[in-house]
Structure formats: structure tokens, C-alpha cells
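Please open the model in your viewer and keep the selection panel at hand. The stops below follow one another, each giving what to select and what is there.

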Amino acid sequence: MLRKLFIFIAVLALATMACGFNIDLPERATPGPEVTEEINVDYPDADEVNLKLTFGAGEMKLSPGTSQLVDGAATYNYEKFKPKVKTEGGDVHITLGETNTNLFPTFENLKNTWDFKLGSQPMNLSIESGAYEGIFELGGLSLASLTIKDGAADVELAFSEPNQIEMSVFSYSTGASDVKMEGLANANFNIFDFSAGAGDYTLDFSGNLQRDASIKIESGFSNIIIIIPEGVDAVVTVESGASNISAGSGWSQSGNVYKQKGEGPTLTFIVEMGAGNLTLIQ
């Protein structure tokens, strides 16, 4: 009886408190006319160039092929998606326009697309986004570092040609996503740090491996496929809770360490998985 009385009093108190609050319902976005705006950014006069792209939901395409830092277009049908360009010294930031925390967009009716070509002079590239589709061809660029942070994303990333300079760190952090990366040996990185939530991830290390490289992979419940071409020296140490591990015939196993014998530089992996499936193939 006392327990029932306590629950009744607690519910009554919460109801009384709720009467004192005004709840603002989210603003609903209304699509307008479709606008295509050219985005042209020259290289800043600086010793080091840092390009940051901050994107929300929609579709982003990146590829090489301009003498400028950025040359392309943004297409949108909602005024608050109008991109802004800010340059301060060697830092160039292209960001989505005004955002509203009370905005409740109807993504099936809204359009937001960035289609940019990037220049080949050395730069540090950073990409931050939410739930979006990304198609990135980064081969032939000169990336000193690459940082990608996104939410629930569907991304295809490729280095079809070698990165023209040594990349110190390639860092990719994502949520529940579907990510496919090809030609990762062409990225020419020293360190590759990949962290992800639940999702499907394919990491293809084909290409021209020019140096020893360290790769750390952290994930929750996910399916991860690691492709390492035959003849590439690789060591994969798996630190996992309850994962299913499948390795092809070219791999030897000793405890939680898998090795593929090869010549030339070595790829050294540390894989930490909460659960899921890990597949090593050639």
C-alpha cells in the first residue's frame, strides 16, 4: 500500500512540474527552389594548407582535377544548406550554412549535394559529416594527413593512384555505417587509425606499398573484411571478445596472430572487435 502511494505521489509531482515547462516542437524544413552555387577557392598564401569540409546530410563527391584548392558546385533546395567559405591564414573551412537545433528536416524532399574537385598541392584534409553518402576519389592528391569523422554513412573511398607525398596519419571514425575503401596502400600513410560502430566495412590494401605502416582497427558489432594482396608482408593481431575470424589459405595462425609472408614493406595490424565477423582475404 505504501509503495502504491509513493508511486502515485511521484507521478503527480512530475505532472505538476511538467505544467511549468514550454515544449518547443521541432521546426519542419520546407524545400524551396533548387539552387546550384559554384564553389571556387584558391590556395591560400601559407606554408601549410588545412582544408576542412563540414557537411550535414546529403551527398558529397570529391575527386582530383583542378589547379585551385577547391573547384566545384553545391546544389541545395533549402536556404539553410547554403555553404559558407571561411579562410584564415592557411586554414580553409567550407561548411554547411546556418543550422537550427530545432530543425526536423524531411530528407526525402530536401536536396544537398557537394561535388568538389580538389587540387594536387600539399594539404591536410579533414571531413566531418553526419548521415550522408560519400564518394571520394583521392588518388593523385598530395595529402599530408587525412581525417574523416561521420555518423551513419554510406561511403566509397578510393586511392586509385598513389598519394604524391607521405601521409603521416589517416584517421577515420564512423558510427553505424557501410564503408568501402580501395587502394589503401596508395594512400602512402605511416599510421591508419580506423574506429567504427556497428556496420559493414571493407578495407582493401591494394596499391603500391612504399613503406612499413601500422593499422589500428576498433569496432563494435560489425562485419570487417580486410583485403591484402598476395605477396604483401602482413601481421594481424586480433584482440576480440566474441568474433568469428576467417583467414584464407595464404595466412598462418599462431594464437591470435595471423601472418602472410611477403616481400617489401610490412603492414602491421591491431584489430580490436567487440563482436562480429573478421575476414582476411587476398
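Begin by selecting K111, which is partly exposed, with a relative accessible area of 34%. This is a predicted model, and the values along the tour are computed from it. Keep K111 on display and add E34, since the two residues form a salt bridge in which the closest N and O atoms are 3.8 Å apart. The pair links distant parts of the chain, with K111 in the loop between β8 (103-104) and β9 (112-119) and E34 in the loop between β1 (27-28) and β2 (35-41), 77 residues apart. E34 counts as exposed, because its relative accessible area of 51% lies over the 50% cut-off.

Next, select E128 and K52, whose side chains meet in a salt bridge at 3.7 Å, N to O. Here too the pair links distant parts of the chain: E128 belongs to strand β10 (residues 123-128) and K52 to strand β3 (residues 50-54), 76 residues apart. E128, at 26% relative accessibility, is partly exposed, and K52, at 30%, is partly exposed as well.

For another such pair, move to R211 and E166, which form a salt bridge with their closest N and O atoms 3.5 Å apart. R211 sits in the loop between β17 (199-204) and β18 (213-227), while E166 sits in the loop between β13 and β14 (167-173), so that the pair links distant parts of the chain, 45 residues apart. Both are partly exposed, R211 with a relative accessible area of 22% and E166 with one of 41%. The salt bridges in the model come to 5 by the rule applied, among them the pair of R211 and E166.

Now turn to the strands and select β11 (residues 132-137), colouring its two faces separately: Y132, G134 and F136 make up the covered face, whereas E133, I135 and E137 make up the uncovered one. Add strand β4 (residues 58-66), which runs parallel to β11 and is joined to it by 5 bridges; in this pairing L62 stands opposite F136 of β11. Then add strand β13 (residues 154-158), which is likewise parallel to β11 and joined to it by 5 bridges, with E137 standing opposite A158 of β13.

Which residues touch the most other members of the largest nonpolar core? Select F170, F192 and F205, which hold that place among the 65 residues of the core. Strand β22 (residues 263-281) supplies the largest share of this core, 6 residues. With F205 as the centre of the view, and leaving aside its neighbours within four places in sequence, display its contacts: L184, A185, F189, F192, I215, I226, I227, I228, P229, L267 and F269. A second, separate core of 5 residues can be shown afterwards by selecting Y76, F81, L96 and L110, which are included in it.

Finish at N188, in the loop between β15 (177-182) and β16 (189-196). Is N188 buried or exposed? At 6% relative accessibility it counts as buried, because this value is under the 20% cut-off. The backbone of N188 also deserves a look, as the residue has a positive phi of about 60 degrees although it is not a glycine.

Notes
Residues are numbered from 1 along each chain as its sequence is written. This is a predicted model: local features need pLDDT of at least 70, side-chain atom pairs count only at pLDDT 80 or more; totals for chains, interfaces and linings use all residues. Side-chain values use heavy atoms; hydrogens and water are left out. Buried means under 20% relative accessible area, exposed over 50%, partly exposed in between (1.4 Å probe, protein chains only). Helices (H or I, at least four residues) and strands (E, at least two) are DSSP runs, numbered from the N terminus. Two strands pair if DSSP finds at least two bridges between them. A nonpolar core is a set of buried Ala, Val, Leu, Ile, Met, Phe, Trp, Tyr and Cys residues joined through side-chain atoms within 4.5 Å. Contact means heavy atoms within 4.5 Å. A salt bridge is a side-chain nitrogen of Lys or Arg within 4 Å of a carboxyl oxygen of Asp or Glu.
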